[in-house]
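I opened this model to look up a few things and note them down. These are my entries, in the order I made them.

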Amino acid sequence: EKVEGEIKEQLAEESVIDATALYATCGSCHGQKAEKSALGKSQVIAGWDKQRIVDALNGYKNGTYGGVMKNIMTGHVNTKTDAEIDALADLISKM
């Protein structure tokens, strides 16, 4: 049982999240380098630090963050795991 748990943990660590592929959906509104105001209503997210992005995405997910774009963004982040949010935030923070 212990070995099985260790194997599952190792496999989880080895799985690579393709943040660029995840961002493809984001880029349609935010721009390929996060340089756009999504639908002319959101903040430009280029230049945000990783923690700010993680906090915003998790806030959309749990309903504690967002203005006029809240309903649209909630639908996008509800399907994301913590690891995917972290990978997206890391990628966006480097744009």
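I began with Cys29. Its relative accessibility is 29%, and I logged this cysteine as partly exposed. The model is predicted, and I keep that in mind for every entry.

I then looked at Cys26. Its relative accessible area is 22%, which also reads as partly exposed. The cut-off for buried is under 20%.

Next I checked for disulfides. How many does the protein have by the distance rule? The count is zero. I went back to Cys26 to see the distance. Its nearest cysteine sulfur belongs to Cys29, and that atom is 8.9 Å away. A disulfide needs the two sulfur atoms within 2.5 Å, so the pair does not qualify. I ran the search from Cys29 too. The nearest cysteine sulfur there is that of Cys26, at 8.9 Å, and Cys29 is in no disulfide.

I moved on to the fold. Which secondary structure elements are present, and how many? I found five helices and zero strands. Along the sequence I wrote the pattern down as α-α-α-α-α.

I looked up burial for the whole protein. Of its 95 residues, 28% are buried.

Contacts came next. I took those with a separation of 6 or more. Residues 24 or more positions apart account for 50% of them.

My last entry is the surface. The accessible area of the protein is about 6,300 Å². Carbon and sulfur atoms hold 53% of that surface.

Terms used. Residues numbered from 1 in each chain as written. Predicted model: local features only at pLDDT ≥ 70, side-chain atom pairs only at ≥ 80, totals over all residues. Heavy atoms only, no water. Helix = DSSP H or I, 4+ residues; strand = E, 2+ residues; numbered from the N terminus. Buried < 20%, exposed > 50% of the residue type's maximum accessible area, 1.4 Å probe, protein only. Contact = heavy atoms within 4.5 Å. Areas by Shrake-Rupley, 256 points an atom, 1.4 Å probe, with all protein chains shown as cover.
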